[in-house]
Each structure stands twice: as C-alpha cells, then as structure tokens.
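Biologist: Could you pick one part of this model and walk me through it slowly? I'd like to hear how it ties in with whatever sits around it.

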Amino acid sequence: MGRIKPGPEAALFDHYNGRMRPPLAVTEFAEARGSAAEIRRREGEALLAALAPSTLAVALDLGGAAPGSEGLAAMLVRWQDAGRPLAFLIGGAEGLDPAVLARAEASLSLGPLTWPHFLVRGLLAEQLYRAQMIREGHPYHRPWRP
Ligand SMILES: C[S@@+](CC[C@H](N)C(=O)[O-])C[C@H]1O[C@@H](n2cnc3c(N)ncnc32)[C@H](O)[C@@H]1O
C-alpha cells in the first residue's frame, strides 16, 4: 500500500530486489483518506480488486506466523509448488482490513515490532532473496550461531 518516493526505503528495496531471480513485481496503490476504519476498508477494496481469484495471497501482518529464515524458505517452496501467482500484501499506516486478512491464505509476521510499510517492503525483499540463497546453499546465509 502506498506509492514509495525516491529515498532510502526505495533504495533498500531496489538493492535486494535487483538480486532476486526473477525480481519481484510491485503493484502500488494510493493511500486512502478518511477515518482509520474507512482507510482500511477503501485500501482493502483496492487490494482485493487487484487479486486474481487464483492468487495465493500472503498478508504481512503482526499477528501472522513468524518463521525463521529457513522456515520461510521452506514455506516459499510450498507456496511456489502450488503453481499459482503469489502475492505478498503490505498494508498502509492503518494496517490491513479484516477482509484482506480473511482473503489471505497465509499471514507472515516479521516479528512483534511494528515497521513502517515502506521499510517492510525492503525487509521482505531481503528475506525472499535470503530464501533463494538458502535454497541454493549459497553462503550468503550463515545459519550457525556462536
Ligand atoms: C505501519 S504498519 C501498520 C500498523 C497497524 N497498526 C497494524 O497493526 O497493522 C503498515 C504495514 O506494514 C506491515 N508490517 C509492519 N510491521 C510488521 C511486522 N512486524 N510483521 C509483518 N508486517 C508488518 C503490515 O502489512 C502493516 O499493515
């Protein structure tokens, strides 16, 4: 949700997305106006209208599953094996509407801290790139801990 402007958040996303094979395609939606509930509803309607019926939607949500990076890599394999378009949904400042959470088949948390949505885009891109590296056995991911 939201149209990112040139700046550090856009650069963070571009940095990791530029490494992905293939890169992620981003669809941006204008942030809505009104009360918090109206914003969530209007933004939710725009998001839902853009999803094809076959799309496997994953909501980025604080209440979602919070796997480690290797767990996320395994989840991604399952999602991609479904052979359906895969979409990650990131809410705006007011969060995702309950209708969007209900449509999503999975929800993913990046931990209990609340992050700004444009930062979430970059954080997610890094984790999806990391998941690719985990699948390839690439030393980008160093799972050992001292
Ligand atoms: C500023 S947050 C919205 C905060 C809102 N109060 C809520 O609870 O969703 C904007 C969006 O970023 C994503 N987001 C922020 N922090 C997150 C986290 N820790 N895990 C997953 N998604 C997060 C969600 O998609 C959220 O809708």
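**A close look at strand β1**

Modeller: Let's start with the pairing: β1 is joined to strand β3 (residues 106–108) by four bridges, and the two strands run parallel. Keep in mind that this is a predicted model. In that pairing, Ala59 stands opposite Ser107 of β3. β1, which covers 56–65, also pairs with strand β2 (residues 86–89), again parallel and again through four bridges. Two of the partners there are easy to click on: Leu56 has Leu86 as its bridge partner in β2, and Ala57 has Ala87. To get from β1 to β2, the chain goes through helix α3 (residues 69–81), and this β-α-β crossover is right-handed.

Now for the packing. The largest nonpolar core holds 16 residues, and those with the most contacts inside it are Ala59, Leu89, Val100 and Ala104. The elements giving two or more residues to this core are α1 (8–17), β1 and α5, and β1 gives the most, with four. Ala59 is a good residue to put at the centre of your view. Setting aside its neighbours within four places in sequence, Ala59 is in contact with Gly64, Leu89, Leu96, Val100, Leu101, Ala104 and Ser107. That list takes in Ser107, the residue opposite Ala59 in β3, along with Leu89, Val100 and Ala104, which are named with Ala59 among the residues with the most contacts inside the core.

Then there's the ligand. The shell around the ligand is made of 17 residues, with Leu60, Gly91, Gly95, Leu110 and His117 the closest. Which element gives the most to that shell? It's β1 once more, with three residues. Helix or strand, the elements that each supply at least two shell residues are β1 and α5 (117–136). If you care about the chemistry of the lining, the shell splits into ten nonpolar, six polar and one charged residues.

So much for the pieces; here's the picture in one go. β1 has β2 as a parallel partner and β3 as another, gives four residues to the largest nonpolar core, and gives three to the shell around the ligand.

Conventions: Residues numbered from 1 in each chain as written. Predicted model: local features only at pLDDT ≥ 70, side-chain atom pairs only at ≥ 80, totals over all residues. Near = placed C-beta within 6 Å. Nonpolar A, V, L, I, M, F, W, Y, C, P; charged D, E, K, R; others polar. Core = buried A, V, L, I, M, F, W, Y, C linked by C-beta atoms within 7 Å. Buried ≥ 20, exposed ≤ 12 C-beta atoms within 10 Å, placed from the backbone. Contact = placed C-beta atoms within 7 Å. Pairing = 2+ DSSP bridges. Right-handed = clockwise from strand over helix to strand, strands pointing away.
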